[in-house]
Amino acid sequence: KKKDEEESDASASESEPEAKKKAEVQVWEWLDDLMTGFAEIYKVTISSGQSCGDCVRKTAYPMKETMLDTIDSVNGYLNPNADKRTAHGDFANVPTFVHE
């Protein structure tokens, strides 16, 4: 029994480095470092773009809404609708045409 265990231990230790060699990709170290750098640049660029988009969205939307509300209120003051003008009395002396 001991002999079988020793043989299985020896074969397991021999196959272990072979499995690691097969699992590892053989590339130059400088190429691996270069690709890691490119990956980091890509991640930083994407996250910066998303942060910039979020900032613009959170800043520009309230400014746009405030500007449109101001334009609407000024337009409502300068050009009131017919209901407001009637209630104010602007149409009280409007001439009418009657067929006789």
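**A walk along a helical chain**

Let's start with one residue: Lys64 has a relative accessibility of 38%, so it counts as partly exposed. The label follows from two cut-offs, because buried means under 20% relative accessible area and exposed means over 50%, with partly exposed in between. Before we go on, keep in mind that this is a predicted model.

Lys64 also has a partner. Its side chain meets the side chain of Glu65 in a salt bridge, with 3.6 Å from N to O. That fits the rule, because a salt bridge needs a Lys or Arg side-chain nitrogen within 4 Å of a carboxyl oxygen of Asp or Glu. And Glu65? At a relative accessible area of 28%, Glu65 is partly exposed too.

Now zoom out to the whole chain. How many helices and strands does the chain have? There are three helices and zero strands, and if you read along the sequence you get the pattern α-α-α. How much of the chain counts as buried? Of its 100 residues, 0% do. The accessible surface of the chain adds up to about 9,800 Å², and carbon and sulfur atoms account for 59% of that.

Part of that surface is worth a visit. Trp28, Trp30, Leu34, Met35, Phe38 and Ile41 together make a nonpolar surface patch of about 710 Å². Take Ile41 from that group: you'll find Ile41 in helix 2, which covers residues 29–78. Is Ile41 buried or exposed? With 54% relative accessibility, Ile41 passes the 50% cut-off, so it counts as exposed.

Two other members of the patch, Trp28 and Trp30, are both exposed as well. They bring us to aromatic rings. A pair of aromatic rings is described by how far apart the centres are and by the angle between the planes. The structure holds one aromatic pair. It is formed by Trp28 and Trp30, whose ring centres are 5.9 Å apart and whose planes are at 10°, so the pair is stacked. Why stacked? Because planes under 30 degrees apart get that label.

Back to charges. How many salt bridges does the structure have? The count comes to three, and you've already met Lys64 with Glu65. Another one joins Glu40 and Lys43, with their closest N and O atoms 3.5 Å apart. These two residues both sit in helix 2, three residues apart, or about one turn of the helix. Glu40 has 42% relative accessibility, which means that it counts as partly exposed.

There is also a salt bridge between the side chains of Arg57 and Asp54, at 2.8 Å from N to O. Here too the spacing helps you picture the pair: Arg57 and Asp54 are three residues apart in helix 2, so about one helical turn separates them. The two residues get their own exposure labels. Arg57 has a relative accessible area of 55% and is exposed, while Asp54, at 33% relative accessibility, counts as partly exposed.

Let's finish with Thr59, which has its place in helix 2. What does the side chain of Thr59 reach? It reaches the backbone oxygen of Cys55, at 2.8 Å. As for exposure, Thr59 has 40% relative accessibility, so it counts as partly exposed.

Methods. Residues numbered from 1 in each chain as written. Predicted model: local features only at pLDDT ≥ 70, side-chain atom pairs only at ≥ 80, totals over all residues. Heavy atoms only, no water. Helix = DSSP H or I, 4+ residues; strand = E, 2+ residues; numbered from the N terminus. Buried < 20%, exposed > 50% of the residue type's maximum accessible area, 1.4 Å probe, protein only. Areas by Shrake-Rupley, 256 points an atom, 1.4 Å probe, with all protein chains shown as cover. Patch = residues over 30% accessible without salt bridge, like charges linked within 9 Å, V, L, I, M, F, W, Y side chains within 5 Å. Polar contact = N/O pair within 3.5 Å; in protein donor to acceptor, adjacent residues only side chain to side chain. Phe/Tyr/Trp six-rings, centres within 6.5 Å; stacked < 30°, edge-to-face > 60°.
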